[in-house]
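Here is a set of exercises on empty spaces and helix packing, each with a worked solution. Keep the structure open beside you and try each task before reading on.

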Amino acid sequence: MRSSRIGLFLAIAALVIFTTTAHAKKTIRITLQLPASHHLGLNIQSFADEVMEKTNGQLNVEVYPSAQLYKDTEVPAAVSSGAIEMGVASLTRFAGTIPAVDLFYVPFLFKNEEAVRKAVAPGSPIRQPLDDEILKTGARVLWWQAYGDAVFLSKDTPLRSPDDLKGKKVRVFSKTLGAMIEAAGGAATSISGSEQFIAYQRGTVDVGTTGVTAVQKRKLYQVMNTLTAPPSMVDIEWVVLINDQVWQGLTGEQQEIITAAAKRVEEELRSQMSGLEAEAFDFVDDKMNVVHLTEEEMVAWRELAQPVVEEYIQNAGDLGKQLVEAAKSM
């Protein structure tokens, strides 16, 4: 009788421990570079709200915007190592270990928005190999965030021709884009997105490259007064990452909820991007001299970019060559 009672007690204790573990609340922190009001921030918060609601609060998602925890250059390592559960990083931040990610920063490679949409679609011959390579680092891509096309920022003088970059120090966010700057006679300087304002204010660089939505949300129009928009120069993409061990530690149901929320917010943002860029251009129109380059002016820029494709392939190897061929077919 005594042994039966002990057995029953142990069984109940095991059930309590299992139940407590299964229903234990988990906190997932997300580090974000942009302000909470930026479209990436709103996109992340929408995801967080859905996950918390659908898991009945068992997953508590905390968002830390404006590089409070990590700079953009630090995010991939922080997520891969498990120092933080989730993070948002510019795709190019993986270029040190996966040079092929810089495909989207080969200037003028993608003809238009439709080509970009095909390239970034889940499971595409461009996106899937990149997601697979990133997973090898210990970080799993949950979704891609559209950021928009890159523009030039300068003081007083528009950049109508590659000659206008000669002798200029230029803030860039990828090595491949920097190759075009250097081909034009400029000096490419890598500066974190969160440090742009101070860099422009102090004159650390003469010219900047960034997305037009960042000009609005980071208030860069306060320190740079001229914006030049070469159509389809590069498409800026960000990725939302989760540490793979954290992912594997979730229940199947939690993974399904996160996957569904990620799919929803990715599709929503991609469909909103054109409108968001148009709003940003409208916002800065009376605050800066906004210059849209003509097709005639674009000829010299596209010629300048041609050798960059070959340089990218040399750096990215067989995977890079495979991705370029796929991009040209889109």
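## Exercise 1: the second largest cavity

The lining of the second largest cavity is made up of three nonpolar, two polar and two charged residues. Here Ala, Val, Leu, Ile, Met, Phe, Trp, Tyr, Cys and Pro count as nonpolar, Asp, Glu, Lys and Arg as charged, and the others, Gly among them, as polar. Before you start, note that this is a predicted model, in which local features need pLDDT of at least 70, side-chain atom pairs count only at pLDDT 80 or more, and totals for chains, interfaces and linings use all residues. Residues are numbered from 1 along each chain as its sequence is written, and side-chain values use heavy atoms, with hydrogens and water left out.

Task: find which residues line the second largest cavity, and which elements give two or more of them.

Solution:
- Step 1. Fix the term: on a 1 Å grid over the protein atoms alone, a cavity is a set of points where a 1.4 Å probe fits but cannot get out, while a pocket is an open set with protein on both sides within 12 Å along at least five of seven lines; lining residues have an atom within 4 Å of a point.
- Step 2. List the lining: Lys-175, Thr-176, Ala-179, Val-308, Glu-311, Tyr-312 and Asn-315.
- Step 3. Assign elements: helix H6 (175-183) and helix H11 (295-328) each give two or more residues. Helices (H or I, at least four residues) and strands (E, at least two) are DSSP runs, numbered from the N terminus.
- Step 4. Find the main contributor: H11 supplies the largest share, four residues.
- Step 5. Add the volume, about 30 Å³. A volume is the space filled by probe spheres set on the grid points, which are joined across faces, edges and corners.

## Exercise 2: the largest cavity

Task: find which residues lie closest to the centre of the largest cavity.

Solution:
- Step 1. Two cavities of 30 Å³ or more are present, and the largest holds about 120 Å³ of space.
- Step 2. Among its 13 lining residues, Tyr-147, Arg-171, Phe-173, Thr-210 and Trp-238 are the closest to the centre.
- Step 3. Strand E7 (207-211) and strand E9 (235-243) each supply at least two lining residues.
- Step 4. By class, the lining of the largest cavity has four nonpolar, five polar and four charged residues.

## Exercise 3: the largest pocket

Task: work out which element gives the most residues to the lining of the largest pocket.

Solution:
- Step 1. The largest pocket encloses about 520 Å³. Its lining counts 21 residues, with Pro-122, Arg-127, Leu-142, Trp-143 and Glu-266 closest to the centre.
- Step 2. Two or more lining residues come from each of helix H4 (113-120), helix H5 (127-135), strand E4 (139-154) and helix H10 (252-284).
- Step 3. H10 gives the most, with six residues.
- Step 4. Sorted by class, the lining of the largest pocket has nine nonpolar, three polar and nine charged residues.

## Exercise 4: two helix pairs

Task: decide how H5 runs relative to H11, and how H4 runs relative to H10.

Solution:
- Step 1. The axes of H5 and H11 come within 10 Å and cross at roughly 150°. Axes are lines fitted to C-alpha atoms, for helices over the stretch in contact, and angles run from 0 to 180 degrees between N-to-C directions.
- Step 2. H5 is therefore roughly antiparallel to H11; angles under 35 degrees count as roughly parallel, over 145 as roughly antiparallel, 65 to 115 as roughly perpendicular and the rest as oblique.
- Step 3. Pro-129, Leu-130 and Glu-133 of H5 make the contact (heavy atoms within 4.5 Å) with Leu-319, Gln-322 and Leu-323 of H11.
- Step 4. For the second pair, the axes of H4 and H10 come within 12 Å and cross at roughly 170°, so H4 is roughly antiparallel to H10.
- Step 5. Glu-113, Val-116, Arg-117 and Val-120 in H4 meet Glu-266, Arg-270, Ser-271 and Ser-274 in H10.
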